[in-house]
Amino acid sequence: MPLGAAARDEDREIVRLTESQAALLDFLAHQRRAAIHGVAGSGKTFLALEKAKRLAAEGFRTLLTCYNVPLEEHLRRSSSVPGLTIQRFHRLCVEGARAGGVTVAEHPVDHPDGDYWRNTLPRALQEGLKRGFEPFDAIVVDEAQDFDDTYWLPLQCCLKEPDSGVLYVFLDKAQRIYGAESSLIAELPRFDLPYNVRNSRAIHALTARIAPEPPPSCAGPPGRHPELIAVPDGSMPNHLLPGIVQRLVQQEAFRPSDIAILTGRKLQNAGLDRSQRMASWPLTGADAPQEAHVTLDVIHRFKGLDAPVVILTALDGMPPDKARTVLYVGMTRARSHLIIVEREAVLRSFGIIP
């Protein structure tokens, strides 16, 4: 059976397993505040969206927020429930400030130290709230581990009842790339999602080699072994990508939109460009998936998302203190099949090959 056909059968099983996690929401139905800690693949994003939809259906004016643009767009495509607002945090800051009559630039020309994102925008949101921006009845946060500590006070102030309003946060400390641990999250009642239900067991076994913490149990289908394509040192892996994509589509019966090529470095630094084609197929970003297009993006922007097939490349040059975390995030994006194309020395440095 071609891998693509087998992967579609596995996807149905993964969807069933993910939906089974919703039983936790039934258990927490009367819990006003909670921090849901879930390992990669435990269905956090599915549950965050489901909880936000349930709150909106109950009549709560609800905000579902996250960190990055592609996840925001994915959540918006997945729901149009009345009473539910879906905005990433920094867009919320801009629109909340402007709703209160506060002038703020959405895309500053120069913010190399991150102060605009870490301090300027959160302060602008707080000022907007003072001047009339309408707060929410309930807030749900996905990928909360990436929220900086400076985000939480203004986010709480977006609740009509800042100290007791409905607040659910979903997070995985092992995937923290941007933020620092918040004292607010530590104070919330904790509940755990201990099972990986998104990845095949074969992918899970490989990610266990680099997982920041001991890996949990995996309930996914068996799957096939990830492909580890070691390129000789001194050569670039890019020239192999078109052939890999062509094989996946023409021989393995995957759709182009099933495939996500993710890099550890910026695309231009990796020698890749979405204006090019990958074999016969056009490329698109994670925030704008299209039929008959292959997704090409950086791992950081794919947090919270997944794909049947993930191809990882350009994994060198990442900050040493975050390199293993970024690689862990990238590997766990693959539901059914994972391919890593990189120079031998890089694969050895991560312990992926001996």
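Arg 324 is partly exposed, because its relative accessible area is 35%, and buried would mean under 20%. The model is a predicted one. Arg 324 is a good place to enter it.

This arginine is found in helix α11. The helix spans residues 323-331 and is mostly covered, with 8 of its 9 residues buried. The buried set consists of Ala 323, Thr 325, Val 326, Leu 327, Tyr 328, Val 329, Gly 330 and Met 331. What do these buried residues pack against? Their partners are helix α9 (201-207) and two strands, β14 (307-313) and β15 (334-343).

Back to Arg 324 and its surroundings. Setting aside neighbours within four places in sequence, Arg 324 is in contact with Arg 209, Ile 210, Ser 349 and Phe 350. Two of these contacts can be followed down to single atoms. A polar atom of the Arg 324 side chain lies 3.5 Å from the backbone oxygen of Arg 209. On the Phe 350 side, the backbone oxygen lies 3.4 Å from a polar atom of the Arg 324 side chain. Pro 226 gives a further reference point: its C-alpha atom is separated from that of Arg 324 by 18 Å, and the two residues are 98 apart along the chain.

Next, the empty space. Rolling a probe the size of a water molecule over the atoms shows where such space is left. The structure holds 4 cavities of 30 Å³ or more. The largest contains about 50 Å³ of space. It is lined by 11 residues, and the closest to its centre are Asn 196, His 204, Thr 207, Pro 216 and Tyr 328. Tyr 328 is also one of the buried residues of α11, and this ties the helix to the cavity lining. Which classes make up that lining? There are 6 nonpolar residues, 5 polar ones and no charged ones.

The second largest cavity has a volume of about 40 Å³. Its lining consists of Met 236, Pro 237, Asn 238, Arg 265, Ala 270, Thr 313, Ala 314, Asp 316, Glu 342 and Arg 343. By class, that gives 4 nonpolar, 2 polar and 4 charged residues.

Charge is the last topic. Side chains of opposite charge can pair when their charged atoms come close. The count here comes to 22 salt bridges. One of them joins Lys 303 to Glu 143, with the closest N and O atoms 3.6 Å apart. Lys 303 sits in the loop between β13 (294-298) and β14, and Glu 143 in the loop between β4 (138-141) and α7 (149-157), so the pair ties together parts that are 160 residues apart in sequence. Are these two residues buried or exposed? Lys 303 counts as buried because its relative accessibility is 2%. Glu 143 is buried too, with a relative accessible area of 4%.

Another salt bridge runs between Arg 247 and Glu 227, and here the closest N and O atoms are 2.8 Å apart. This pair links distant parts of the chain: Arg 247 is in helix α10 (residues 241-250) and Glu 227 in strand β9 (residues 227-231), 20 residues apart. Arg 247 counts as partly exposed, because its relative accessibility is 22%.

Asp 258 and Arg 255 form a further bridge, with closest N and O atoms 3.4 Å apart. Asp 258 counts as buried at 5% relative accessibility, whereas Arg 255 counts as partly exposed at 40%. Finally, salt bridges can also join up into a network, as they do for Glu 72, Arg 76, Arg 88 and Arg 91.

How values were computed:
Residues numbered from 1 in each chain as written. Predicted model: local features only at pLDDT ≥ 70, side-chain atom pairs only at ≥ 80, totals over all residues. Heavy atoms only, no water. Buried < 20%, exposed > 50% of the residue type's maximum accessible area, 1.4 Å probe, protein only. Helix = DSSP H or I, 4+ residues; strand = E, 2+ residues; numbered from the N terminus. Contact = heavy atoms within 4.5 Å. 1 Å grid on protein atoms, 1.4 Å probe; cavity = no way out; pocket = protein on both sides within 12 Å on 5 of 7 lines; lining within 4 Å. Points joined across faces, edges and corners; volume = space filled by probe spheres on them. Nonpolar A, V, L, I, M, F, W, Y, C, P; charged D, E, K, R; others polar. Polar contact = N/O pair within 3.5 Å; in protein donor to acceptor, adjacent residues only side chain to side chain. Salt bridge = Lys/Arg side-chain N within 4 Å of Asp/Glu carboxyl O.
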